[in-house]
Every structure is written in C-alpha cells, then in structure tokens.
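Please open the model in your viewer and follow the selections below in order. The tour visits the protein surface around each DNA strand.

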2 protein chains.
Amino acid sequence: MTRVLVVDDEPSIVRALRINLTARKYEVSTATDGASGLAAVARDRPDVMILDLGLPDMDGTEVIRGVRGWTSTPIIVLSVWDQESQKVAALDAGADDYVTKPFGMDELLARLRAAVRRASPAPDEPVVTTDHFTVDLAAKRVIREGGGDVSLTPTEWQLLEVLVRNRGRLVTQRQLLQEVWGPAYETESNYLRVYVAQLRRKLEPEPSRPRYLLTEPGMGYRFGD
Amino acid sequence: MTRVLVVDDEPSIVRALRINLTARKYEVSTATDGASGLAAVARDRPDVMILDLGLPDMDGTEVIRGVRGWTSTPIIVLSVWDQESQKVAALDAGADDYVTKPFGMDELLARLRAAVRRASPAPDEPVVTTDHFTVDLAAKRVIREGGGDVSLTPTEWQLLEVLVRNRGRLVTQRQLLQEVWGPAYETESNYLRVYVAQLRRKLEPEPSRPRYLLTEPGMGYRFGD
DNA sequence: GATGATCTTGATGGATCCTTAACGCCCAGG
DNA sequence: CCTGGGCGTTAAGGATCCATCAAGATCATC
C-alpha cells in the first residue's frame, strides 16, 4: 500500500486529504509543522510527501532540503501564493511537483499518481564529482580524476557514503557513529578520527589540509565540494 | 554512454543541464540556436535531444520537423509558456515529452530516462567483450580471444552472468548468493570463494592476480573491464 | 548400477581489516 | 605558564575474511 505523508498546519486541509486519500486506499500519516514533518519522514518512510509551504515554524524550502539530504521520496508542494519565485525555489530545492491552493482533489490525485509512478522504477543513486575524484554510490566506486580506482574498506566506504549523501551539510559525530558502527558506539568518537584520517589519506590531495572531508570542531564532519 | 544534445539559448540553463547530466554519466553536447542544433543532431547523433522552444532563429516546431525528417531520436521539449496549444503543436510535430520551465532537475532526469528507455527496444547489450574473452549473454557462451569456447558449469555461468550484467558495479555477497543459490544461502559465502576461484582459473590470464573478477574485501565482487 | 561431472563441505595458511591504545599537536581557559 | 580537551596520526594485536586444495555427496546419463 502506498504511504502518503501530509504536512500542513490547516486542520481542514489535513482532514479533507486524509478522507480522500484513505478512501482511495492510501495509508495516510500527518504532521502540522516542519520539524515534526521531517521527523515523520524519517520514521514512516512515506512513498510520497505532500508539503504545505506556509508552515508556522520553518521555511518550506528548508523542509524540502532537509528531506532531500538523504532520500529521494517524491515531494508535492502546496501553496496558496501563486508566485513564480517560490515555485522555482521549491523545485530547485528538490520538490517534484507543485499545486496551487485552492486545488481540485482530482488534480492532486493525478499528480500524486504521477509522482509515485515516476519515483518507482529507478531511484537513481547520485554520482558526486569533485575536482579530484568521483564517488559513484550505485557502483560503490571511487575513481580518481585521471584514472585509477581508489579502493576503500567496508567501514571507510560506509563513512564516506553517509558524508556524501549529506554533502554540504554538517553531520554530527553521533549520527556518523550511529549509522556506520551502530547505536551502541555513539560515544566512540575515536573511531571517527581514525577513519576520517584514512579517507583523507586516500582521497585528499593534501591530507593534512583537507578540502573535502572537513572537520567542524566540537560538532562533527562535513563533505564539502 | 548515453549522448544528450541540449539546444537552448539561455546560458544558465545550458550550464545547469551540462553539470547535472555530466555528473550522471551522460555525454553532453550543446547548441544555442535552431540551425546549429539541427547541424549538431546530424554530426553528434545524440541518443536524446532536449530542445527549448524559444530559440532566437527558428520556431521550435520547425526544428522538431527538421529532426523528424530523417531520425526518430527522442525529443524532450522545454518551454516557459504553459500554453496548452503550444504543447499540442510540439507534440504533434513529433516531440516525445514536454517540460515547463522552471523545471525540477529530478523530473527532467526522470523524463530523460523514460525517453531513452522507450527509444531502445533492446535494453541490454547482450555481448560483453574484454581483451581476453567475450561473454555472450544471449547464447550463454564464453569465447576466448583467439578461438575456443570456455565450458562453464551451470552454477559458474549463473555467477558470471550476474557479475557481467552488473559490470563495473560492486555486487554484494548477499546479492550474488541470493541470485545464484537462492535466499536460503545468503550466508554461505564459502560457495562464492570456490566458484569465483573456478571462474578465475577458466577466464583470467593470471588467476592468482585477477584482472576481471575482482574481490572487494568485506563487501563482494566486481566484474571490471 | 556404474561412471563422470558437478556441487557441497571442511580445513589450512595467508591476506586484509577492525579495534585499541598511545603520543603529539593545537587552542582555550585557569 | 600550565593544564585539559578535542583532534590527528601511527602502529600493533587480534579478529575476520579470502584463496586454495581436496575429499565426500549428489546428480545425470547411459
């Protein structure tokens, strides 16, 4: 069954969507602000997300970016203002489609079907290219600019993968340790230092002056392009 | 590698497309007006064409007709005007798909993939050739360079087939075991070692120093060209 | 039922990787 | 000036994983 997450602060809209979507055999979960919306995406792993841009706590594009950082779940944006700039910002941030309030339920359902259909066949894994190397997440390969493959151990690869999937964003030590080593290792920040150093030796042009694997003192690490 | 021709007179659009497409392993060529666009189709023989309707020198539908005169290369049309009539005209002239600016890159990429997929009835190249042997997936045969068939047992063949179909990509042990032996054998990584060794004896010029059947310690195997 | 090919299973040595601890550096605060 | 915390670096063990070999079990074929 297709899971839909509705994030909107207007109770009447949420109720209308819940009724219509449930009647059409969608599994519906809801949130009423950006923060709990992001949490709901992580928790429920919906197949598609319907997001109101006018939330009380966060800017809509921030929510989109927060979701896009780690999943390609389709996002359909709702907004009352028919402003082209806002539309561009939302789409540039990674939204898949855009519906202006007030909307016809039939149109929304059609776009919902289209979004789910488009997303299902091949959710392309990203390929990240820098000046010095290319990371191919699907092939689990790192190719140095100029030919040679870089061979990474499983742990090195997992760590790099988490950082690359969140590229440009800070990833906390706790999050890295949890995703690579598991929840029991949240405090073993020593592991991070060892493995970040190994990755730097293999990837950075000047390992002692990192350009891609950046330290945020006291916080965590960041993959910067 | 899939070749994409971008015809658009807006430098920012061309740049954005070039960056995104190149990062996803497309080969990109560009043109900034209709006449040079038509010339580029003839010269580069792209696998798919992205065409802006608002070109300075020609009407978009004319460009489409010019291309359709001699090839069925898929055409994805871009336009800033969301007018139903123009959309119909472009599609009637022979365009395959239609995207309204501003567009989401994910959507465009999805439509691009769909267009390429529709255009190529034989999705997989059934023959893979290396310097030392040729694998014919359709005929289920391996021919050594210089004549002579290599005879493989059924299990050896299945294993080779999975690796070759994913050539260049890492295939995890679990995936290999699941596809060759079935879901119940996910942990029998011993089987893999035995059969990879047999394949290496039969295919590799130096079985002890593999060139094609590569081990990724802790993760799986990879067929490298 | 005999034979040969194929598949499973176990054992061994060697290579690779993970963990852990120790040390030095830098910087902020006392 | 000293001290402590966070970070980078290195190296050595122990654990894990891999390649190889060989022998028993299974299967197909006649």
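A residue counts as near a strand if one of its heavy atoms lies within 4 Å of it. This is a predicted model, in which local features need pLDDT of at least 70 and side-chain atom pairs count only at pLDDT 80 or more, while totals for chains, interfaces and linings use all residues. Residues are numbered from 1 along each chain as its sequence is written, chains are lettered from A in the order in which they are written, and side-chain values use heavy atoms, without hydrogens and water.

**DNA strand D**

Select DNA strand D first: 17 residues surround this strand, with A:R200, A:T215, A:Y221, B:T215 and B:Y221 the closest. Sugar or phosphate supplies 65% of the strand D atoms within 4 Å of the protein, and bases supply the rest.

Next, display the polar contacts (pairs of N or O atoms within 3.5 Å). The side chain of A:T215 places an N or O atom 2.6 Å from a phosphate oxygen of strand D. For A:Y221 the corresponding distance is 2.8 Å, and for B:Y221 it is 2.8 Å. Now colour α8 of chain A and α8 of chain B, the elements that give two or more residues to this surface; helices are DSSP runs of H or I, at least four residues, numbered from the N terminus.

**DNA strand C**

Move to DNA strand C, which 17 residues surround. Sugar and phosphate make up 78% of its atoms within 4 Å of the protein. Phosphate oxygens of strand C lie 2.5 Å from a polar side-chain atom of A:T155 and 2.8 Å from one of B:W181.

Technical notes
Polar contact = N/O pair within 3.5 Å; in protein donor to acceptor, adjacent residues only side chain to side chain.
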